[in-house]
Amino acid sequence: MGIVSPGFQGRPRTQEPALPPGQYLTEDFPVLSAGPTPRVSLDTWEFVISAENGSEHRWSWQEMMALPQETPMVDIHCVTRWSKFGTSWQGVSLDTLLADVDTGAHFALAHSYGGYTTNLPLDDLRGGQAWVVHTFDGAPLPAEHGGPARLLVPHLYFWKSAKWVRGIRLKTMDEPGFWETAGYHDYGDPWREQRYQGD
């Protein structure tokens with residue numbers, strides 16, 4: 001006699017997306033920052049992409065708002081082990097911002113109001129994978145979550161999505177940022193649990 005009776009299907013599978021290893025699901029949006037929250041006026045805010053050849057591309061707040069806007073809905077994963085599914089944002093794709101930038105660089109260093117930095121491969125900012133976002137869940141992005149604008153790179157751990165972003169420096173060589181210098185992983189893929197150097 002068989003151990004499993006005919007027609008037995010087991011427990012029904014959840015329709016929720018999978019969690020990366022070591023993560024737990026939260027409905028909240030925890031606030032974690034490396035320092036005090038900077039208060040940035042929209043009148044003086046700007047975003048600058050600096051190429052390795054010294055050229056700069058600048059956008060004021062009004063110019064950024066005039067660019068084509070996208071509304072990504074993505075899952076986000078923090079290195080402190082929480083994940084939040086289906087987060088809703090609005091902002092400008094890095095593909096749009098990089099379109100007229102002449103560069104042979106392979107790396108990027110995002111930098112923020114307040115002095116925070118984080119490094120990423122330039123390829124991870126292209127191909128519809130990254131945005132400068134200013135709206136969360138239909139409302140202006142609160143300062144504690146990185147407003148007026150933050151980087152959004154949802155396929156990597158959330159420390160790579162720099163809060164209060166003010167620019168990106170394109171680099172021919174990788175340069176570690178704030179947390180990477182302190183021992184966090186240079187890349188930070190949540191599906192490979194790349195939390196710390198050596199993971």
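**Group meeting: a sheet and its aromatic neighbours**

Let me start with one residue: tryptophan 82 is buried, with a relative accessible area of 3%. Before I say who sits beside tryptophan 82, please keep in mind that this is a predicted model.

So, which residue pairs with tryptophan 82 through its ring? There are 14 aromatic pairs in the count. One of them joins phenylalanine 29 and tryptophan 82 edge-to-face, with 6.1 Å centre to centre and 65 degrees between the planes. Here the chain brings distant parts together: phenylalanine 29 lies in the loop between strand S1 (24-25) and S2, tryptophan 82 lies in strand S5 (residues 82-93), and 53 residues separate them. Phenylalanine 29 has a relative accessible area of 14%, and because the cut-off for buried is under 20%, phenylalanine 29 counts as buried too.

Phenylalanine 29 has another partner, tryptophan 89, again edge-to-face, at 6.3 Å centre to centre and 85 degrees between the planes. This pair also links distant parts of the chain, from the loop between S1 and S2 to strand S5, 60 residues apart. As for accessibility, both phenylalanine 29 and tryptophan 89 are buried.

Elsewhere, there is an aromatic cluster for you to find on the screen: Tyr116, Tyr157, Trp159, Phe178, Trp179, Tyr184 and Tyr196 form it.

Now a word on the annotation. The unreviewed UniProt entry gives residues 35-179 as "domain: Oxidoreductase molybdopterin-binding". Over that range the chain is 9% helix and 39% strand, and the end C-alpha atoms are 12 Å apart.

Let's move to the strands. How are the five strands of the open sheet ordered? The order is S3-S2-S11-S6-S7, and the pairing is mixed. At the edges are strand S3 (56-60) and strand S7 (117-121), each pairing on one side only. From one strand to the next, the twist averages 15 degrees.

Let me walk through part of that sheet, beginning with S6. Strand S6 (residues 107-112) runs antiparallel to strand S11 (residues 165-171), and six bridges join them. If you want a place to look, alanine 110 has isoleucine 168 in S11 as its bridge partner.

On to the other neighbour of S6. S6 and S7 also run antiparallel, with five bridges between them. Here alanine 108 stands opposite leucine 120 in S7. These two strands form a hairpin with four residues between them, and in the turn glycine 114 has a positive phi of about 100 degrees.

Is edge strand S7 mostly covered or mostly open? Mostly covered: four of its five residues are buried.

One last stop, in strand S2 (residues 46-50), where we find glutamate 46. Is glutamate 46 buried, exposed or partly exposed? Glutamate 46 has 26% relative accessibility; buried means under 20% and exposed over 50%, so this residue falls in between and counts as partly exposed. Leaving out residues up to four places away in sequence, glutamate 46 touches Arg58, Trp59, Tyr113 and Arg166. Arg58 and Trp59 fall within edge strand S3 (56-60), while Arg166 falls within strand S11 (residues 165-171). Finally, the C-alpha atoms of glutamate 46 and valine 132 are separated by 12 Å, with these positions 86 residues apart along the chain.

That's my tour; thanks for listening, everyone.

Technical notes
Residues are numbered from 1 along each chain as its sequence is written. This is a predicted model: local features need pLDDT of at least 70, side-chain atom pairs count only at pLDDT 80 or more; totals for chains, interfaces and linings use all residues. Side-chain values use heavy atoms; hydrogens and water are left out. UniProt positions are given in the numbering used here, feature names are shortened, and annotations may be inferred rather than shown by experiment. Two strands pair if DSSP finds at least two bridges between them. Axes are lines fitted to C-alpha atoms, for helices over the stretch in contact, and angles run from 0 to 180 degrees between N-to-C directions. Buried means under 20% relative accessible area, exposed over 50%, partly exposed in between (1.4 Å probe, protein chains only). Contact means heavy atoms within 4.5 Å. Rings of Phe, Tyr and Trp (its six-membered ring) pair if their centres lie within 6.5 Å; planes under 30 degrees apart count as stacked, over 60 as edge-to-face and the rest as tilted.
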